Amino acid sequence: MTTLRLKNKLHEKGQIFSIDALVALIIATLVLGLTIQIIETQSYNLKQEQVFNELKTVGHNAANLLVSLPDISCDLISEDGTGLTLLNNCIDADKLKNIEKGKLGIPPNYKCRIKLQGAQMNACKDNDTHAQNIYSEKRIILLHKGALEKKDISDCSNDPNNCKLKNEKNLAEVSVWK
């Protein structure tokens, strides 16, 4: 009987809902807002991770191709001048001038920069001062002009102090961005 009287009194005063319902509605709105904010943050982080992974893939592949591409790798020859093989991590500085960024697996919508001391490269000379996301990878290489004799490689292995090629050791840095 008390419940009936309370119900009638609420309707008589024109009260539609109670303070408890108002507090519950405020709490539900806050929880919904926080949930939406967390979802938005996770979505942004996922997008940033995808962008970085894409940059990393393109940059890593370009660095791998730079040190192993037959078009720019050093020719290893025997003492009589017979061609033996191509050397990975050895770049022929004379061949490097003609390489294009497409040969390094860098898509046209990407920009790139390759730093090599003592060599000129026509591709990948973009300026990265305004770039936000940059992936960069460094590789230790041998920068040589022309074919390389097997004897020179053997001499360096046997006596590193008297190696003719020690001044040709170089650092190649490949940077890519969108």
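The following legends describe close-up views of a predicted model.

In this predicted model, local features need pLDDT of at least 70 and side-chain atom pairs count only at pLDDT 80 or more, while totals for chains, interfaces and linings use all residues. Residues are numbered from 1 along each chain as its sequence is written, and side-chain values use heavy atoms, with hydrogens and water left out.

**View 1. An open sheet of 6 strands with mixed pairing.** The strands follow the order S3-S6-S4-S2-S1-S5. Strand S3 (111-115) and strand S5 (148-149) stand at the edges with a single partner strand each, so one side of each has no neighbour in the sheet. Strands (E, at least two residues) and helices (H or I, at least four residues) are DSSP runs numbered from the N terminus. Two strands are taken to pair if DSSP finds at least two bridges between them. In general, strands of a sheet pair through backbone hydrogen bonds, in either a parallel or an antiparallel manner.

**View 2. Strand S6 and its antiparallel partners S3 and S4.** S3 and S6 are paired over 5 bridges, and the bridge partner of Ile114 in S6 is Val174. S4 is joined to S6 by 9 bridges; here Ile134 has Trp177 of S6 as its bridge partner. Of the 9 residues of S6, 7 are buried, and the strand is thus described as mostly covered. Buried means under 20% relative accessible area, exposed means over 50%, and partly exposed lies in between (1.4 Å probe, protein chains only).

**View 3. The parallel pair S2 and S4.** Strand S2 (residues 83-92) is joined to strand S4 (residues 134-144) by 3 bridges. Cys90 stands opposite Leu142 in S4. Asn89 also has its place in strand S2, and this residue has a positive phi of about 65° although it is not a glycine. At 36% relative accessibility, Asn89 is partly exposed.

**View 4. Leu84 and its surroundings in strand S2.** Leu84 is partly exposed, its relative accessible area being 45%. When residues up to four places away in sequence are not counted, Leu84 touches Leu76, Ile77, Ser78 and Lys150. A contact requires heavy atoms within 4.5 Å. Leu84 and Glu149 are 65 residues apart in sequence, and their C-alpha atoms are 9.5 Å apart in space.

**View 5. Helix H2 across the sheet strands, with a nonpolar surface patch.** Helix H2 (residues 19-68) lies across strand S1 (73-77), S2, S3, S4 and strand S6 (169-177), and runs at about 5° to S4. The angle is taken between N-to-C directions, on a scale from 0 to 180 degrees, with axes fitted to C-alpha atoms and, for helices, over the stretch in contact. Ile19, Leu22, Val23, Ile26, Ile27, Leu30 and Val31 make a nonpolar surface patch of about 640 Å². Leu30 lies in helix H2 and is exposed, with a relative accessible area of 55%. Patch residues have over 30% relative accessible area and no salt bridge; nonpolar side chains (Val, Leu, Ile, Met, Phe, Trp, Tyr) are joined within 5 Å, and like charges within 9 Å. Accessible areas come from the Shrake-Rupley method with a 1.4 Å probe, and for residues only the protein chains shown count as cover.

**View 6. Salt bridges linking separate parts of the chain.** The whole structure contains 7 salt bridges, each defined by a side-chain nitrogen of Lys or Arg within 4 Å of a carboxyl oxygen of Asp or Glu. In the pair of Glu54 and Lys178, the closest N and O atoms are 3.2 Å apart. Glu54 belongs to helix H2 and Lys178 to the segment after S6, so this pair ties together parts that are 124 residues apart in sequence. Glu54 is partly exposed at 37% relative accessible area, whereas Lys178 is exposed at 55%. Between Lys103 and Asp71, the closest N and O atoms are 2.7 Å apart. Lys103 lies in the loop between helix H3 (93-96) and S3, and Asp71 in the loop between H2 and S1, so the parts tied together are 32 residues apart in sequence.

**View 7. A salt bridge within helix H4 (residues 150-158).** The closest N and O atoms of Asp155 and Lys151 are 3.0 Å apart. Asp155 and Lys151 are 4 residues apart in the helix, which means a separation of about one helical turn. Asp155 is partly exposed, with a relative accessible area of 29%, and Lys151 is partly exposed, with 37%.
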